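Hi,

Here is the structure I promised to send over. Have a look at it first, and then read on for what I found in it.

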Amino acid sequence: MIQGGLGAAARLPIFLDDAQGQAKFWGFANVVLRFPQTLATAQLPALSTRGLNFQLWRIHPDTGKVQVIESSGTAALSDPVRQSFEVPNGLWTLSVAPQKGWGDPLGLGAKVVAGLLVSLLLAYLAWLLLRQRENRTNLETLVAQRTAEIRASKAQLAATLDAIPDLLFEMDLEGRYLACHTPLVDLLAAPAPDLLGKTVSQVLPSAAAAIILDALQLAHRTGLTRGQQIELPLADQIRWFELSIARKPVLTGEAPRLIVISHDITVRKQAEEALLRLSQLYAALGECSLAVVRCTNQTELFSEICRHAVQQGGMRVAWIGMVEEVTQTVPPIASFGPSMEGFYETVPSIDPSIAAGQGLVGTAIRGQQPVWCQDYLNDPRTTPWHTQGVRSGWGATAVLPVYRGGQAVGIFAVSAGQAHAFDDAAQGLLLKIVDSLSFALDNFERETLRQQAERSLREERALFTGGPVCVFSWLHNGGSQVLYASENVRGILGYSAEEMQQPGVSFDGLIHPDDLSQVNAHFDEAVKTRLAQIEQSYRLRLKDGSYHWFYDFTCFAYGPAGELLPTRGYLFDQSRLKQAEERVQKLAYFDALTGLPNRSLLNDRISHALTEAERRHETLIVMFLDLDHFKNINDTLGHRVGDELLVALARRMQFAIREQDTVARLGGDEFILLLPDTDGNGAAHVAEKLLFAISEPVQIAHHELTVTPSIGIAQYPSDGDDMETLSKHADVAMYRAKQGGRNGYQFFTTEMQAHSARSLQIENALRRALERDQFQVHYQPQLSLATGQMIGVEALLRWLHPELGQVSPAEFIPIAETSGQIQKIGEWVLRKAATQAKQWLDQGLGPMMMAVNLSAVQFRHPDLPEMVAQVLAQTLLPPACLELELTESTALHDPLAAIDVMEKLHRQGVRVAIDDFGTGYSSLSYLKRFKTYKLKIDQSFVQDITHDADDLAIVNAVISMARSLGLVTLAEGVETQAQLDLLRLHGCDEAQGYLFSKALPAAEIPEFVRTHISHT
């Protein structure tokens, strides 16, 4: 025993199950019993007071000698009574004898007492033994229980760490790896054992190491930092990681330690790059669409398309090739980007029997399908052009057929600088560019045909002027007997001169029955008025029975008494001229695809119909008809299927109207109908027929297609008395029908007209509002619910017009957007607010956030980030003090472009907030990718949270979601203390509303700040 003395040491071995379920020795549990304290309870010394000597002893297991545990003295006992008993791992013996020997009269009593004491001692020792066994059992149970808890806790911690897909490190301030954990060892820059003890500067590229070291210092100072990003070249690819670093609690005097979580954001980065490419392609699509409208010839258009694909679309190179029928090759005829010189060494072909014809170009044209080569340098089809691809840095190439008249006549090809650049969205945009290109080629073709027809007409006119002329002379005797026919009549009419001059042959008999009465009436009128000559056109029957158009120049001669002498006429064959005129008229007045009247013919018919309606005091109807979501068919099935569908629907529309009605195609999927002598009831009846006819399925090839129309109706004279007004009002009504759910019709109303007049008045007044200094900016305070302090203001535009009075922003902002004035007004508001924020900052009011609303048009303008940067630079306002607010619907209208704009603003240090959150169609998949830091809860939810459980649930859900995404929440329109208490209870961060203050002029804000601080 330590420090001397006697005692009993019990050692209990512990065994635990290993991972394979086998018992494995773990260690001992020790229990020590000190003899003096234990034997004191047995009261052995009391034997001495009763005249007995005793000795408790054992045989030592190591030496074999007697070991006295306890005794009444050192003298040996005379003829003692012995009683042995077992203890764990040994045998003890108690010896007892009378102090005066067994001859003493008290001996018998002593023996009885000794026996009794021995029995009591043995019983007590037995009890101790049982107690020891019980303690052993309890100890085993407790050890097993604690061991199981430790094992479960350890297993849960291990499972939790294994479930985290991120890299987890423990580092010191020098960036030294102290611990490392990750289930994804492929993401480590080196094996975990090689990292431990080294610093990031020794393991990682210098740029990444510098970012990590700065982040470690920041986390040490502030306790937590996140958002820093590093780029690492790993074995499989370049990967991006986002850091989250927290300071670890340590004991006083210990060196600082930090926990570093490194989250792999490679997929997100790749998605952002894809979004950037997509936004660039959107810009290219817009420019290409303008080029289609602006360019007047194929050469100019091709050059513009290629230039925009590279400059706006972010492509490395773009080129257009057209098939040469003779050589079966497709040489580039327009390109932009790096030189296409290498392509001329092996010109692409459409001949599949040669190597140049087995490439992407030949495959695309023969199959009349786009070809997407996502890895250009490793695709066997591009082998003949690999040298050019390496030199120009082509990672992926798209080759898309260009169509004219439904047939592939060439290709549009673009190459990106990285592999796998053409995802589904990018492919869709490139297909739209090709659709525009094909549409332009069809327009050029139609224009060429029209020019050819006009040229043919001019040639026919020349032929008419200088060509062969047939000369006739006849008597005007009721039968028009031919007296003379020139010899060339056979080549013109097929009859010989002799046949024409036979008795009984009448010139009138050759005239078409439908033209005869008009010809004779014209002739009789000329004779009656004694005209010397007349000109007219009519049809004559040739000898083969066919009819041709002829131009007749007739000269009259009169006798002395005024009598009519034989008449002479000069006939010119006009058949080819008439055919040419019909072709020109067809191209000029009818849609080339559907055969319906076009805008020009429609204008003529409406002008005539309006004149007749005014003269007869009748009503007429103008309808605008637009096919709902027709663009989806062109995008998914191609323009060929879309064109066939338009032809079929045009035929149905013609069957649904009367003969005197007109249905015309304005272009694309827009149609306009003219219904003379029709009232509102008749228009509704026709609209119902059109809805039913168009909505019936149409079978195009193996596609069963169904589309629906939206129809707007305007009535003469109540809705307008001219073509422009009626068509404008019908168009307005059609858009109302679309807003009402589509697949329906809507009559124009006076309410729409009043709204239109008011809108026009406001639009005109807006144009001079800035220069006349009619705008003001007021500022509504925003407060922190945690501290009660004012943390910022929202800039709100106010317009006080001298005649219109106070005009609501809800009314004039949409008009400013549609009229193109919002850019100038929005920039003025931003500059005014930024200047005011800088003044308050200089006055010592403290850093306050200046929130400025962005309209949808402003946000979509490509120069927005540059304009914001310019305003900040000119006003010297720190970017962190500016918050730009955009509505949820604006951000989600084009989320890919929104992400790009937010990313640019985020890099400038400007914060972005989502306004009126919850009123649009939220998309969490995009919201988490927006570079936003605040969600503003719309006041429509806040105003009823004290008595509407649904609104309260919505507000609570928004707050919880924002918190999980690391976003701040601000409640708008807070007007009562009860609303404020609920918002604070549910964890809302900030608020604004009339409970605190209305929007104030700039001069009143400093006083509000001072007053509010004194009450907080």
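Which residue in E4 is the bridge partner of Arg-58? It's Gln-67. Before I go further, keep in mind that this is a predicted model.

That pair belongs to a hairpin. Strand E3 (residues 52-59) and strand E4 (residues 66-71) run antiparallel and share five bridges. There are six residues between the two strands, and Gly-64 has a positive phi near 80 degrees.

Further along the chain there's another hairpin, made by E19 and E20, this time with five residues between the strands. Here a glycine in the turn, Gly-545, has a positive phi of about 95 degrees. Strand E19 (residues 533-541) and strand E20 (residues 547-555) are antiparallel and joined by nine bridges. If you want one pair to click on, Glu-535 sits opposite Phe-553 in E20.

E19 also has two distinct faces. Ile-534, Gln-536, Tyr-538 and Leu-540 make up the covered one, while Gln-533, Glu-535, Ser-537, Arg-539 and Arg-541 line the uncovered one. That fits the usual pattern, since side chains in a regular strand alternate between the two faces of the sheet.

Now for the open sheet. It has five strands in the order E23-E24-E22-E27-E28, with mixed pairing. The edges are strand E23 (662-667) and strand E28 (744-747); each has a single partner strand, so one side of each has no neighbour in the sheet. On average, neighbouring strands are turned by 20 degrees against each other, ignoring direction.

Within that sheet, strand E22 (residues 620-627) and strand E24 (residues 670-675) are antiparallel, with six bridges joining them. One residue pair to look at there is Ile-621, whose bridge partner in E24 is Leu-675. Helix H16 (residues 599-616) lies across E22, E23, E24 and strand E27 (709-716). Relative to E23, H16 runs at about 140 degrees.

Last, something on the surface. Phe-15, Phe-25 and Phe-28 make a nonpolar patch of about 330 Å². Phe-25 is in strand E2 (residues 23-34). Is Phe-25 buried, partly exposed or exposed? Its relative accessibility is 43%, so Phe-25 counts as partly exposed; the band for that label runs from 20% to 50%.

That's what I have for now. Shout if anything is unclear.

Cheers

Note on methods:
Residues are numbered from 1 along each chain as its sequence is written. This is a predicted model: local features need pLDDT of at least 70, side-chain atom pairs count only at pLDDT 80 or more; totals for chains, interfaces and linings use all residues. Side-chain values use heavy atoms; hydrogens and water are left out. Patches are made of residues with over 30% relative accessible area and no salt bridge: like charges are joined within 9 Å, nonpolar side chains (Val, Leu, Ile, Met, Phe, Trp, Tyr) within 5 Å. Accessible areas come from the Shrake-Rupley method with a 1.4 Å probe; for residues, only the protein chains shown count as cover. A salt bridge is a side-chain nitrogen of Lys or Arg within 4 Å of a carboxyl oxygen of Asp or Glu. Helices (H or I, at least four residues) and strands (E, at least two) are DSSP runs, numbered from the N terminus. Buried means under 20% relative accessible area, exposed over 50%, partly exposed in between (1.4 Å probe, protein chains only). Two strands pair if DSSP finds at least two bridges between them. Axes are lines fitted to C-alpha atoms, for helices over the stretch in contact, and angles run from 0 to 180 degrees between N-to-C directions. Contact means heavy atoms within 4.5 Å.
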